[in-house]
Amino acid sequence: MGDVLLFHSGQDSAHVWVDALKAQMPDLEIRITPDIGDPADIRYALVWRPPADFFGQFPNLALIANLGAGVDGLLARTDLPAGIPITRVSDPDMSRMMASFVLFAVLRHARDIPTFERAQREGRWHYVPPRTADEISVGILGLGQLGATAARELLRQGFKVKGWSRSPKDIEGVECAAGLDALPTFLGGCEILVVMLPLTGETRHLLDAARLACLPKGAKLINVARGPIVDEPALVAALQAGHIAEATLDVFEKEPLPAESPLWKMDNVLITPHLASVAIPKSAAAQIADNIRRVRAGEPVEHRVDPSRGY
């Protein structure tokens, strides 16, 4: 039996990842799809959105590493072998990348930059008195590793930061709420809402029309998590009605965002192509290599996904 890692991704540079992994484990044999060779050799799979029935061909698979923090697409599959550990990328560089994007998006709304962009397109000199950060309440919906890091960065900038999670969390300086019963009140206090939850059966369309209506009129929404957490037609309606004044959207119910989506033509919406945070090979490779060593030694892996929870 071989001891080979198989890499598959339609969007990541395989050779960058191979170089990063080889720097950590020079002895590791790595194959890149479609050059699988003998499927029985494959012990580890480092993947992003592999094709249907991908995993069933590997009888000796011992570890599946997902190329990203979000594992909803992986867990929705029907070909995952029972009992095989699944891990997600979790590294400081990825958290910093997400926090910097969230900070950019929050500052853009807090400093009324979309208003000035519209005025520039119309050739108008338009002044809006700036507000200080401590006058602005930012809510973080989801306080996992990425959400907590973003919350601390916003605190450092002086914003009033609130957080909501499914189970109770305690982050110094952050007003934390937990549970569905607390969600409407939490939303009602968010001038800027940042969506950072994992996508699970419980969070799909969590922000439906009724919950979007809980936001104060004129609120701004930032989604850097997963598109289906927000009911997209309800969001479009709220943006058209002005209840939600502006949005920064990095994720969508269908990606790439279809050309016919009304979001494309809204001048109060900024669209980015799902890039708020991506796995960084040079830092994430160390985590993946460590888990391979753990599998070889018969030890539990780190950052293991719990399929029953969805993350």
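## Exercises on contacts and folds

The side chains of Asp41 and Arg31 form a salt bridge, with 3.0 Å from N to O (a side-chain nitrogen of Lys or Arg within 4 Å of a carboxyl oxygen of Asp or Glu). This pair links distant parts of the chain, for Asp41 sits in the loop between β2 and β3 (42-48) and Arg31 in strand β2, 10 residues apart. Helices (H or I, at least four residues) and strands (E, at least two) are DSSP runs, numbered from the N terminus.

The model is predicted: local features need pLDDT of at least 70 and side-chain atom pairs count only at pLDDT 80 or more, while totals for chains, interfaces and linings use all residues. Residues are numbered from 1 along each chain as its sequence is written, and side-chain values use heavy atoms, with hydrogens and water left out.

**Exercise 1. Find out whether Asp41 and Arg31 are buried or exposed.**

Step 1. Recall the cut-offs: buried is under 20% relative accessible area, exposed is over 50%, and partly exposed is in between (1.4 Å probe, protein chains only).

Step 2. Apply them to the pair: Asp41 is buried, and Arg31 is buried too.

**Exercise 2. Describe how strands β1 and β2 are arranged.**

Step 1. Locate the strands: β1 covers residues 4-9 and β2 covers residues 29-32.

Step 2. Check the pairing, which requires that DSSP finds at least two bridges between two strands. Here 4 bridges join β1 to β2, and the strands run parallel. One pair to look for is Leu5 with its bridge partner Ile30 in β2.

Step 3. Add the helix: together with α1 (residues 14-24), the two strands make a right-handed β-α-β unit. Right-handed says that, with the strands pointing away from the viewer, the path from the first strand over the helix to the second runs clockwise.

**Exercise 3. Which parts of the chain does the salt bridge between Arg296 and Asp3 tie together?**

Step 1. Start with the principle: side chains of opposite charge can pair when their charged atoms come close.

Step 2. Look at the pair: the salt bridge between Arg296 and Asp3 spans 2.8 Å, N to O. Arg296 belongs to helix α9 (residues 281-297) and Asp3 to the segment before β1, so parts that are 293 residues apart in sequence are tied together.

Step 3. Consider exposure: Arg296 is partly exposed at 36% relative accessible area, and Asp3 is partly exposed at 29%.

Step 4. Compare with Arg156 and Glu153, whose side chains meet in a salt bridge of 2.7 Å, N to O. Both residues lie in helix α5 (residues 145-156), 3 residues apart, or about one turn of the helix. Arg156 counts as exposed at 61% relative accessibility, whereas Glu153 is buried at 19%.

Step 5. Widen the view: Asp3, Asp27, Arg43 and Arg296 are joined into one network by salt bridges that share partners. The whole structure holds 17 salt bridges.

**Exercise 4. Work out which residues of helix α4 are buried and where they face.**

Step 1. List the residues: in α4 (residues 113-121), Pro114, Thr115, Arg118 and Ala119 are buried.

Step 2. Look down the axis of α4: the buried residues fall within an arc of 140°, so they line one face of the helix. The arc is taken from the directions between the helix axis and the C-beta atoms.

Step 3. Turn to the face away from the buried side, which carries the exposed residues Gln120 and Arg121.

Step 4. Identify the packing partners: the buried residues of α4 pack against α3 and β11 (244-249). Contact here stands for heavy atoms within 4.5 Å.

Step 5. Visit His109, which lies in helix α3 (residues 92-110) and is buried at 1% relative accessible area. Leaving aside its neighbours within four places in sequence, His109 has contacts that include Pro114, Ile192 and Thr248.

**Exercise 5. How are the rings of Phe54 and Phe58 arranged?**

Step 1. Use the rule: rings of Phe, Tyr and Trp (its six-membered ring) pair if their centres lie within 6.5 Å; planes under 30 degrees apart count as stacked, over 60 as edge-to-face and the rest as tilted. By this rule there are 3 aromatic pairs.

Step 2. Read the values: Phe54 and Phe58 are 5.3 Å apart, centre to centre, with 75° between the planes, and form an edge-to-face pair.

Step 3. Add their surroundings: Phe54 is buried at 4% relative accessible area, and Phe58 counts as buried at 5%. Ring pairs link Phe54, Phe55 and Phe58 into a cluster.
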